[in-house]
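Please look over these notes on how the two chains meet. They are meant to be read beside the model.

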Amino acid sequence: MSIVEKFVSMEYGPAPEDPREALTWLDRHERRFGHFINGAWQPPVAGGYFSTADPSTGEKLAAVAQGTAADIDAAVRAARAALGPWQALSGHARARHLYAIARLVQKHSRRLAVLETMDNGKPIRESRDIDIPLVARHFYHHAGWAQLLEQEFPGFVACGVVGQIIPWNFPLLMLAWKIAPALSTGNTVILKPAEFTPLTALAFAEICQEINLPRGVVNIVTGDGSTGEALVKHADVDKIAFTGSTEVGRAIRKATAQSHKKLSLELGGKSPFIIFEDSDLDSAVEGLVDGIWFNQGQVCCAGSRLLMQESIAEKLTAKVRDRMTTLRIGAPLDKAIDIGAIVARVQLERIERLVNQGVAEGAICWQPPTALPSRGLYYPPTLLTNVHPTSIVAQQEIFGPVLAAMTFRTPREAVEFANNTAYGLAASVWSESINVALHVAAQLKAGVVWVNSTNLFDASCGFGGYRESGYGREGGREGLFEYLEPAWFKHAPALKRAARRASKMPTPPCRPLTGR
Amino acid sequence: MKLYIGGKQARPDSGYSIEVRGADGRLLGEAPLGNRKDIRNAVEAARKAEGWAKATAHARAQVLYYIAENLSQRGEEIAGRLAAAVGREQAQAEVRTGIERIFSYAAWADKYDGAVHNPPFRNIAIAMNEPLGTVGIICPAEAPLLGFLSVMMPAIAAGNTAIAVPSEAYPLITGDLYQVFETSDLPDGAVNIVTGRASELLKILAEHDDVDAIWCFGDEASGATAKALSTGNVKQVFTNEGRAIDWFDAKQGEGRWFLHHAHQVKNIWVPYGE
């Protein structure tokens, strides 16, 4: 093929990232991992092992331990024992540990990126250029907070032993969002990675060993939902931080109601992506690609509801369809791939089910004629038009590469539609008019609003939701409050006086109101 | 005493009242027995008053200063009535500290600013401190006036609207505040007060899907109830975890900790720079 022909066809040859370093690392561990408790690898007490696989091939990558209440208990005891000495360190000493973690994340960034892509199925371009650099950024930023803690948060102390449960969509990044602020404020942690994607958390455990992080400060217990439940219910945990579905978030709130565990929840979303008629449409389309097809749409803040101003709807959907036909779907380790594999069969089936239901409710489904790989778990990028605002695909989180498009007429209607959801995690607003964009941004019920941009994250900016998308923030100054308490409050005595008075007080009689 | 809903004094739906007695058993008065319907009306009124969030911070500060001024003018009289329930000394301290507390949150109203972040992109992120919306508040029992002010003032300084269940031990004192609110330019419905059995009203508020957050200051059991029943619309829950808070101590009874719970951060990313 001549150069000219190549320019016309724009075909890429295969460009796989070298997986050897990650595979060597897996082999070095004999492809079998225990829990990381008290600074050492521990075999599971009773749960045995389960396997984690590459969703793009179905090949087993390694066996990991299934955590049970006994493993969780051992991890909590290690974290409790480590708490005193960890807090006795100066802020500067803790800052050095966090800084060392950040450095090693950068040093091992290729191995971590490849491992992430193999375990999760996300394109290597994303894990290499977004996930892992943000992980390092998060630890650098929070090394700074450890250094400044006493100056910036006088009178506040750490919660103590923290249980953290993270999802499978950004495995190592979610770990960083949880562990970095917890350690910088002087907490010790037990982290349970997602069942489908435990490998980078285990690689992180090795980094903790490598930098001589004091034993027990970070403990990693792998397993499924039952492992998470054991962590949530453990009596000696002071705080639970959870990222995942709203349904599980509710269950965790109920399960911790009788305790004094502090709780932060980062839950689901159905985020609007609003495009006004005066937008730079080509930029908006590129934004949309990032908004809904980033990480196969398996993103809690994915811009899954496209709200287009009516006047440009036809032109815009044509552009979107054109762009969709050029998205490259295939082996996630290929550096030229846009859309990788869906994390697990159960997730793929959920996407299929919801799309079918949406179509049954009247949506028109369009998918590009791109061939899917013959093996592995893939779902094509999907555009649903003619979507009614009450349709299941407009209301429920799909967590897949599926965009539900609707139209609006006025800015006011855009805000109404955008806020017509139980969620409130993120929103994206596109307009070349600063007045329109900021007028709308102010009215959106969402924890993050991106103007003429989408899916931007930084350690200095708190991320978290309004409404049923949860509470608490991760990142920034506001995120640290989730891991701190006023010192006086932590040691405040029980409210005795009022309780005694209340119990002595006879139930007051009721009687009909008289007069007036 | 009546309920205070949407800026109007209202008779309770039940038509019943509860006797309120002092520590010595003397009958001090009667408070309305609020129920589910009263809470529903109060939540509706609070939702309607959400324009309060859009008032300028300066305007909110001004209203809080007016509340302090008007309370101050009636301070002697209110302390006198409160004395029957908590003794003369505490009553005077509650009024004195209460006025200070309102001043404190009037001061904060236009100073609890957000931030501008400089992320490593061609953007700035404007971190706005926004109110939660409508907050249901179970007020502390132990300091009927000061406790009410200590939780209500940060909530409304932030721009929230609220439904408060005042101290079960002596709810009557909040009745004295209706006139204070009415003469202070506080919009109707920004503050609503429903008296009754706190444990029952707590459940109704916690289960109400149009309430955005629950603040519950009471014993351990009520905190647990607030958390367990708040899951329908995933309310933010702020409680004292059954611990004692010394409302007379400014270090414990006011400040950033309360303001943090009265706000949620919205980060608006805007293209900026070259």
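The points below cover the interface between chain A and chain B in this predicted model.

1. Extent. On the chain B side, 55 residues make contact, and they meet 63 residues of chain A. The two chains bury about 5400 Å² between them. Carbon and sulfur atoms give 58% of that area. Within chain B, the residues that lose the most area to chain A are Val234(B), Arg243(B) and Trp269(B). Together they account for 14% of what the chain B side buries.

2. Polar terms. How many salt bridges are counted between chain B and chain A? The count is 0. Polar contacts are found, however: 20 residue pairs across the interface, both partners at pLDDT 80 or more.

3. Which elements of chain B take part. Helices 10 (220-229), 11 (250-253) and 12 (256-262) each supply at least two residues to the side that touches chain A. So do strands 3 (16-21), 6 (123-131), 11 (236-239) and 12 (263-271). Strand 12 of chain B gives the largest share, 8 residues.

4. Composition. By class, the side of chain B that touches chain A holds 23 nonpolar residues, 17 polar and 15 charged. Charged residues are thus present on that side, while the salt-bridge count between the chains is 0.

5. Strand pairing between chains. Strand 3 of chain B pairs with strand 21 (residues 510-512) of chain A. The sense is antiparallel, over 3 bridges. In one bridge, Cys510(A) has Ile18(B) of strand 3 as its partner. Strand 3 is also among the elements supplying at least two residues to the chain B side.

Methods:
Residues are numbered from 1 along each chain as its sequence is written. Chains are lettered from A and ligands numbered from 1 in the order in which they are written. This is a predicted model: local features need pLDDT of at least 70, side-chain atom pairs count only at pLDDT 80 or more; totals for chains, interfaces and linings use all residues. Side-chain values use heavy atoms; hydrogens and water are left out. Contact means heavy atoms within 4.5 Å. Buried area is the accessible area (1.4 Å probe) that two parts lose on being put together, summed over both. A salt bridge is a side-chain nitrogen of Lys or Arg within 4 Å of a carboxyl oxygen of Asp or Glu. A polar contact is a pair of N or O atoms within 3.5 Å; within protein, one must be able to donate a hydrogen and the other to accept it, and residues adjacent in sequence count only if both atoms are side-chain atoms. Helices (H or I, at least four residues) and strands (E, at least two) are DSSP runs, numbered from the N terminus. Ala, Val, Leu, Ile, Met, Phe, Trp, Tyr, Cys and Pro count as nonpolar, Asp, Glu, Lys and Arg as charged, and the others, Gly among them, as polar. Two strands pair if DSSP finds at least two bridges between them.
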